[in-house]
Amino acid sequence: MQDEYRTVARAGVHETEINRSRFLCALAPAATEQEAQDFVAAVRKEHADATHNCWAYVIGADASVQKASDDGEPGGTAGVPMLQMLLRRDMRYVVAVVTRYYGGVKLGAGGLIRAYGGAVGEALDTLGTITRRRFRLATVTVDHQRAGRVQNDLRATGREVRDVRYGEEVTIEIGLPDADVDAFRSWLADATAGSARLELGGEAYGDA
């Protein structure tokens with residue numbers, strides 16, 4: 001698994017005009033290829049009267065799925081430059097659709113490549129990006145007497161407390177970077193006089 005990846009901070013649309021043609025770039029996070037395809041379909045439906053609805057998406061922290069479409073523009077002048085812009089910015093789990101309303105002036109192949117790639121780049125700048133880091137899910141089990149202090153210490157040191165459950169003991173779910181596991185285990189033993197238990201779970205991604 002990749003240690004981190006970047007994705008778009010939120011869904012949104014950014015519009016630019018080039019030689020009287022309107023270019024609307026719709027961007028959205030997409031967790032799966034199906035989500036990306038659904039987003040493309042929704043934009044195409046919304047702009048069914050547009051000249052072109054070109055798209056590109058990158059799914060997977062390692063960019064394992066990369067697809068693009070020129071939607072009737074000359075081959076390689078729309079979807080590919082859009083995809084290249086997403087990859088150049090290290091974007092993952094993201095879908096982009098650039099809707100073009102033709103304004104009567106031909107841009108030529110070079111102009112189209114710059115327009116479509118540029119529309120994606122400007123939209124990323126406008127909507128913003130976030131970095132998501134890989135971490136290990138971990139569960140701390142501790143007695144009620146020490147639970148409050150452990151939770152406070154976790155939050156004070158910037159640890160993400162994901163869930164707290166109260167039973168005979170208190171179970172606290174946290175996220176830890178792999179590199180911190182050994183140091184955290186030592187800290188927990190010191191903080192609870194060795195009474196807490198730490199169990200490691202699977203891996204996930206969270207906001208950095």
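What percentage of the chain is helix and what percentage is strand over residues 20-124, and how far apart are the end C-alpha atoms? In this predicted model, that stretch is 39% helix and 29% strand, with 22 Å between its end C-alpha atoms. Residues 20-124 are also the range that an unreviewed UniProt entry lists for "domain: Impact N-terminal".

The interior can be approached through the largest nonpolar core, which has 26 residues, and in which C25, L27, M82, L86, V98, Y116 and V120 touch the most other members. At least two residues of this core are supplied by each of β3 (21-29), β4 (52-59), α2 (79-88), β6 (94-101) and α3 (108-127), and the largest share, 8 residues, comes from α3. Beyond its neighbours within four places in sequence, L27 is in contact with V8, R10, A11, G12, F39, L86, V94, V95, A96, A123, L124 and L127. A second core, separate from the one just described and made up of 16 residues, includes A147, I172, L176 and L198.

Two of the helices that contribute to the largest core, α2 and α3, also meet each other directly. Two packed helices are described by the angle between their axes and the distance between the axes. Here the axes of α2 and α3 come within 8 Å and cross at roughly 35°, and the crossing in which α2 passes α3 is right-handed. On the α2 side the contact is made by P81, M82, M85 and L86, while α3 brings I113, Y116, G117, V120, G121 and L124. Sorted by character, the residues of this contact comprise 8 nonpolar and 2 polar ones, with no charged residue.

Methods:
Residues are numbered from 1 along each chain as its sequence is written. This is a predicted model: local features need pLDDT of at least 70, side-chain atom pairs count only at pLDDT 80 or more; totals for chains, interfaces and linings use all residues. Side-chain values use heavy atoms; hydrogens and water are left out. A nonpolar core is a set of buried Ala, Val, Leu, Ile, Met, Phe, Trp, Tyr and Cys residues joined through side-chain atoms within 4.5 Å. Buried means under 20% relative accessible area, exposed over 50%, partly exposed in between (1.4 Å probe, protein chains only). Helices (H or I, at least four residues) and strands (E, at least two) are DSSP runs, numbered from the N terminus. Contact means heavy atoms within 4.5 Å. Axes are lines fitted to C-alpha atoms, for helices over the stretch in contact, and angles run from 0 to 180 degrees between N-to-C directions. A crossing is left-handed if the near helix is turned anticlockwise from the far one by less than a right angle, and right-handed if clockwise. Ala, Val, Leu, Ile, Met, Phe, Trp, Tyr, Cys and Pro count as nonpolar, Asp, Glu, Lys and Arg as charged, and the others, Gly among them, as polar. UniProt positions are given in the numbering used here, feature names are shortened, and annotations may be inferred rather than shown by experiment.
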